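Student: Could we go through this structure together? I would like to hear the reasoning behind each label.

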Amino acid sequence: ADLGAQDTGWMLDSVPLVLLSRREQDALIAGMSQRTYRRGATLARIGEEHDGVHFIIEGQAAVYAPDEHAAIHPTKAQDEAALELVAHVGPGSLIGETSLALSRPASATVKAQGNLRTFFIRRETFQDGYERSAEFKAYVDNLIRLHERAQALTALLSENPLLRALGPDDVERLLQKSWLLQPGRGAEIVA
């Protein structure tokens, strides 16, 4: 698809693409294609390799991951039954960046919630930008850490009766002011 200026202007002003040089942005755009999905279409499936990264430009997608009792990578037959909704993502969100950056299969299944448009960045193009741009790499690495922190905080919130009783505003304040520590066995914690 033609990715003219009217389609990409807002995107190039957004993070993380603003971190790239003009030459790197041009290379990224040359390696993109526009894709459209209907409600229920699968953009990523847990346990499978990604062939690129989706940058959502319109619509919403649902992210499904294994519940706490499921195996890390259920078989395709068990896939749907063993997953629970963990997030909704929309314009500006990346899908598949963790898998490509860490060279591992998808850790979640992502499905379109309605009509969805993405810019699809081929694996080679994404990895080239990730390896060549320290700023882009730092952004993606921070995004991966944020995803990991969110999963750990969600588990903590669901396991603790006091934290489960908090309202959305209280949870937001807690998340903004909290630090997540995973001390080693036998480590002393002084607060």
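Tutor: Gladly! Keep in mind that this is a predicted model. Let us begin with the strands.

Student: What makes strand 1 and strand 8 a pair?

Tutor: Two strands pair if there are at least two bridges between them. Strand 1 and strand 8 (residues 116-122) have six bridges, in the antiparallel sense, so they count as paired under the cut-off of at least two. Gln 34, for example, stands opposite Phe 119 in strand 8.

Student: Which sheet do they belong to, and in what order do its strands come?

Tutor: They belong to an open sheet of four strands with the order 1-8-3-6 and antiparallel pairing.

Student: Why do strand 1 and strand 6 stand at the edges?

Tutor: Strand 1 (32-37) and strand 6 (94-95) each have a single partner strand, so one side of each has no neighbour in the sheet.

Student: What lies across strand 3 and strand 8?

Tutor: Helix 5 (residues 123-132) does, running at about 65° to strand 8.

Student: What is the strand order in the sheet that contains strand 7?

Tutor: The order is 2-7-4-5, in an open sheet of four strands with antiparallel pairing. Strand 2 (42-44) and strand 5 (83-89) are the edge strands, each pairing on one side only. On average, neighbouring strands of this sheet are turned by 30° against each other, direction ignored.

Student: How do you know that strand 2 pairs with strand 7?

Tutor: The required number of bridges is at least two. Strand 2 and strand 7 are joined by two bridges and run antiparallel, so the cut-off of at least two is met. Within strand 7, Lys 111 is the bridge partner of Thr 42.

Student: And how many bridges join strand 4 to strand 7?

Tutor: Four bridges join strand 4 (residues 61-66) to strand 7 (residues 109-112), and the two run antiparallel. Tyr 64 stands opposite Thr 109, Val 63 has Val 110 as its bridge partner, and Ala 61 stands opposite Ala 112. Strand 4 is also joined to strand 5 by six bridges, again antiparallel, with His 88 as the bridge partner of Ala 62.

Student: Which way do the residues of strand 7 point?

Tutor: Thr 109 and Lys 111 point one way, while Val 110 and Ala 112 point the other way; all are buried.

Student: Why is Phe 126 called buried?

Tutor: Buried means under 20% relative accessible area. Phe 126 has 2% relative accessibility, so it counts as buried. Tyr 130, at 10% relative accessibility, therefore counts as buried as well.

Student: What makes the ring pair of Phe 126 and Tyr 130 stacked?

Tutor: Ring centres have to lie within 6.5 Å, and the planes have to be under 30 degrees apart. Phe 126 and Tyr 130 are 6.1 Å apart centre to centre, with 15° between the planes, so both conditions for a stacked pair are met. Being four residues apart in helix 5, Phe 126 and Tyr 130 are separated by about one helical turn.

Student: Why is the pair of Phe 126 and Phe 136 called edge-to-face?

Tutor: The label edge-to-face needs planes over 60 degrees apart. Here the planes are at 70° and the centres 5.6 Å apart, so the edge-to-face label applies. This pair links distant parts of the chain, with Phe 126 in helix 5 and Phe 136 in helix 6, ten residues apart. Phe 126, Tyr 130 and Phe 136 form one aromatic cluster.

Student: Which residues have the most contacts inside the largest nonpolar core?

Tutor: They are Phe 126, Tyr 130, Phe 136 and Val 140, in a core of 17 residues. Helix 6 gives the largest share of this core, four residues. A second, separate core has twelve residues, including Ala 44, Val 89, Ala 112 and Leu 116.

Student: How do you know that the charge of Arg 35 sits over the ring of Phe 120?

Tutor: The distance limit is within 6 Å of the ring centre. The charged end of Arg 35 sits over the ring of Phe 120, 3.6 Å from its centre.

Student: One last residue: is Ser 99 buried or exposed?

Tutor: Ser 99 lies in helix 4. Its relative accessible area is 7%, so it is buried. Leaving aside residues up to four places away in sequence, Ser 99 touches His 50, Arg 104, Pro 105, Ala 106 and Ser 107.

Definitions and conventions:
Residues numbered from 1 in each chain as written. Predicted model: local features only at pLDDT ≥ 70, side-chain atom pairs only at ≥ 80, totals over all residues. Heavy atoms only, no water. Contact = heavy atoms within 4.5 Å. Axes fitted to C-alpha atoms, helices over the stretch in contact; angles between N-to-C directions. Core = buried A, V, L, I, M, F, W, Y, C linked by side-chain atoms within 4.5 Å. Buried < 20%, exposed > 50% of the residue type's maximum accessible area, 1.4 Å probe, protein only. Phe/Tyr/Trp six-rings, centres within 6.5 Å; stacked < 30°, edge-to-face > 60°. Lys NZ or Arg CZ within 6 Å of the ring centre and 35° of its normal.
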